[in-house]
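Let's walk through this structure together, beginning with how its strands pair and moving on to what packs against them. Keep the 3D view open as you read.

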Amino acid sequence: MIHCENIHLQFVSREPLFAGAMLHLPQGSLTLLTGPSGSGKTTLLKMLSREVTPDSGRIIIAGHDLSKITRRS
């Protein structure tokens, strides 16, 4: 299960890419990301893999809040 709530992300000197975004993907679901170039598809995947940290909001994967998991070096 992936649950994103109230995700905000803005890159320096640009319009917000995510402003209060919500996403809920139940376990076992199949999801397709589509959209024009620059719409945030890759950035969303980078947030899910912790390459990019949202400015605010929570991302929960399988019951684990990504902001509370420490990174390994």
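## A pair of strands to begin with

A good place to start is Ile7, whose bridge partner in β2 is Ala21. The two strands concerned, β1 and β2, pair in the antiparallel sense over six bridges. Strands here are DSSP runs of E with at least two residues, helices are DSSP runs of H or I with at least four residues, and both are numbered from the N terminus. Two strands count as paired if DSSP finds at least two bridges between them. As general background, strands of a sheet pair through backbone hydrogen bonds, either parallel or antiparallel.

Before going further, please note that this is a predicted model, in which local features need pLDDT of at least 70, side-chain atom pairs count only at pLDDT 80 or more, and totals for chains, interfaces and linings use all residues. Residues are numbered from 1 along each chain as its sequence is written, and side-chain values use heavy atoms, with hydrogens and water left out.

## The whole sheet

In what order do the four strands of the open sheet lie? The order is β2-β1-β3-β4, and the pairing is antiparallel. At the edges are β2 (18-25) and β4 (64-65), each of which pairs on one side only. Helix α1 packs on this sheet and touches β1, β2 and β3, with its direction at about 115° to that of β1. That angle runs from 0 to 180 degrees between N-to-C directions, with axes as lines fitted to C-alpha atoms, for helices over the stretch in contact.

On its β3 side, β1 is joined to residues 56-61 by five bridges, and the two strands run antiparallel. Several residue pairs let you follow this register: Ile2 stands opposite Ile61, Cys4 faces Ile59, and His8 is placed opposite Ser56.

## The hairpin of β3 and β4

β3 and β4 also run antiparallel, joined by two bridges. Ile60 stands opposite Asp65 of β4. The hairpin has two residues between its strands, and Ala62 takes a positive phi near 50° there. Ala62 sits in the loop between β3 and β4, and its relative accessibility of 54% is why it counts as exposed; the cut-offs are over 50% for exposed, under 20% for buried and in between for partly exposed (1.4 Å probe, protein chains only).

Another residue to look at for its backbone is Arg50, which has a positive phi of about 70° although it is not a glycine. Arg50 belongs to the loop between α1 and β3.

## The nonpolar core

Which residues make up the largest nonpolar core? There are 10: Cys4, Ile7, Leu9, Phe18, Leu44, Met47, Leu48, Val52, Ile59 and Leu66. β1 (2-9) and α1 (41-48) are the elements that give two or more residues to this core. A core of this kind is a set of buried Ala, Val, Leu, Ile, Met, Phe, Trp, Tyr and Cys residues joined through side-chain atoms within 4.5 Å.

Leu9 shows how varied the surroundings of a core residue can look on screen: setting aside residues up to four places away in sequence, Leu9 touches Pro16, Leu17, Phe18, Thr43, Met47, Val52, Thr53, Pro54 and Asp55. Contact here means heavy atoms within 4.5 Å. Seen from helix α1, where Thr43 is found, the contacts beyond four places in sequence are Leu9, Phe11, Leu17 and Phe18. Thr43 is buried because its relative accessible area is 14%.

## A salt bridge across two strands

How many salt bridges does the structure hold? There is one, and it joins the side chains of Glu5 and Arg58 at 3.2 Å, N to O. The pair links distant parts of the chain, with Glu5 in β1 and Arg58 in β3, 53 residues apart. The criterion is a side-chain nitrogen of Lys or Arg within 4 Å of a carboxyl oxygen of Asp or Glu.

Are these partners buried or exposed? Glu5 has 26% relative accessibility, so it counts as partly exposed. Arg58 is partly exposed too, with a relative accessible area of 36%.

## Ser29 in its loop

Finally, turn to the loop between β2 and α1, where Ser29 is found. Ser29 is partly exposed, at 38% relative accessible area. Ser29 and Asp55 are 26 residues apart in sequence and 27 Å apart in space, C-alpha to C-alpha.
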